[in-house]
Amino acid sequence: MRDEHHYRVSTLWTGDRGTGTSGYRDYDRAVTLRVEGKPDLLGSSDRPFRGDPTRWNPEDLLLAALSECHLLSYLHACVTAGVVVTSYEDDASGTMVLDGKGGGAFREVTLHPRVTVAEPAMIPAAEAAHRQAREWCFIANSVNFPVHHEATVTAAAPHES
């Protein structure tokens with residue numbers, strides 16, 4: 001038997017400037033994303049597509065979902081392996097390619113996690129945990145492009161007494 005988890009989001013277009021979509025330049029790409037019990041997320045299209053660069057766009061959200069999912073899966077893998085993570089940061093990057101017909105797709109994403117663990121002896125298991133996290137990440141398992149990992153793992157500096 002498989003567990004199923006269901007998710008809901010409401011997307012409200014707020015970009016009608018009074019004439020609807022009467023022309024490509026006549027409407028704003030502003031949207032509000034809502035999930036019950038959470039703060040609203042203000043979205044738009046990316047700047048090259050006439051969007052508001054101060055708002056989240058779908059490409060940002062996809063990259064953020066991949067980065068966060070790997071982080072959460074990684075922390076779980078580390079706990080399972082007995083690795084104590086004391087710091088984790090990621091600067092994820094992705095490449096989207098337009099097809100020249102109005103569409104496009106991500107070609108690849110690369111995560112660049114920088115992890116600090118409590119002790120140097122934990123580094124090999126911490127590095128291996130990235131592979132386990134990749135297998136467990138729901139979002140990475142749902143996309144049809146490669147998600148690469150270029151991780152750096154270091155140990156925390158010993159405390160001086």
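Q: How many helices and strands make up the secondary structure of the protein chain?
A: There are two helices and nine strands, counted as DSSP runs numbered from the N terminus (helices are H or I of at least four residues, strands are E of at least two). Along the sequence they follow the pattern β-β-β-α-β-β-β-β-α-β-β. Please keep in mind that this is a predicted model, where local features need pLDDT of at least 70, side-chain atom pairs count only at pLDDT 80 or more, and totals for chains, interfaces and linings use all residues. Residues are numbered from 1 along each chain as its sequence is written, and side-chain values use heavy atoms, with hydrogens and water left out.

Q: How does the radius of gyration of the protein chain stand against that of a compact globule of 161 residues?
A: The chain has 20 Å, but a compact globule of 161 residues would have a value near 15 Å. The radius is taken over C-alpha atoms, and the globule rule is 2.2 Å times the number of residues to the power 0.38. Along its principal axes, the C-alpha trace spans about 65 × 40 × 35 Å.

Q: Why is Leu66 called buried?
A: Leu66 has 1% relative accessibility, and buried means under 20% relative accessible area (exposed is over 50%, partly exposed in between, with a 1.4 Å probe and protein chains only). Leu66 therefore counts as buried. Of the 161 residues in the chain, 27% fall in this class.

Q: Which residues does Leu66, a member of helix H1, touch beyond its neighbours within four places in sequence?
A: Its contacts (heavy atoms within 4.5 Å) are Val109, Leu111, Cys137, Ile139, Ala140, Val143, Phe145 and Val147. Leu66 and Asn141 are 75 residues apart in sequence, with their C-alpha atoms 9.7 Å apart in space.

Q: How do you know that Ala140 is buried, although it lies in a loop?
A: Its relative accessibility is 4%, so Ala140 counts as buried. The loop runs between helix H2 (123–136) and strand S8 (147–149). Not counting residues up to four places away in sequence, Ala140 touches Leu66, Arg134 and Val147. Ala118 is 22 residues from Ala140 along the chain, and their C-alpha atoms are separated by 27 Å.

Q: What makes Ser73 in helix H1 a buried residue?
A: Ser73 has a relative accessible area of 10%, and therefore counts as buried. Leaving aside neighbours within four places in sequence, Ser73 is in contact with Ala133, Trp136 and Cys137.

Q: Is Pro58, also in helix H1, buried or exposed?
A: Pro58 counts as exposed, because its relative accessibility is 52%. Pro58 and Ser73 are 15 residues apart in sequence and 22 Å apart in space, C-alpha to C-alpha.

Q: Why is Asp16 called partly exposed?
A: The relative accessible area of Asp16 is 46%, so partly exposed is the class that applies. Asp16 sits in the loop between strand S1 (10–13) and strand S2 (31–34). Its C-alpha atom is separated by 8.6 Å from that of Arg29, 13 residues apart along the chain.

Q: Which class does Arg50 fall in, and what is its phi?
A: Arg50 counts as partly exposed because its relative accessibility is 37%. Its phi is near 70°, a positive value in a residue other than glycine. Arg50 lies in the loop between strand S3 (41–43) and H1.

Q: What makes a set of residues a nonpolar core, and which residues make up the largest one here?
A: The members must be buried Ala, Val, Leu, Ile, Met, Phe, Trp, Tyr or Cys residues joined through side-chain atoms within 4.5 Å. The largest has twelve residues: Tyr74, Ala77, Cys78, Val83, Tyr88, Val115, Val117, Met122, Ala126, Ala129, Ala133 and Val153. Helix H1 (58–81), strand S7 (113–117) and H2 each supply at least two of them. Apart from this core lies another, of ten residues, among them Leu63, Cys69, Val109 and Phe145. In soluble globular proteins, nonpolar side chains tend to be buried together.

Q: Which residues does Val115 contact, leaving aside its neighbours within four places in sequence?
A: They are Tyr74, Val85, Ser87, Tyr88, His130, Thr152, Val153 and Thr154.

Q: How many positive and negative side chains does the protein chain have?
A: There are 15 positive and 22 negative side chains, and the centres of the two sets lie 9 Å apart. Lys and Arg count as positive and Asp and Glu as negative, while His and the chain ends are not counted. The place of a charge is taken as NZ of Lys, CZ of Arg, CG of Asp or CD of Glu.
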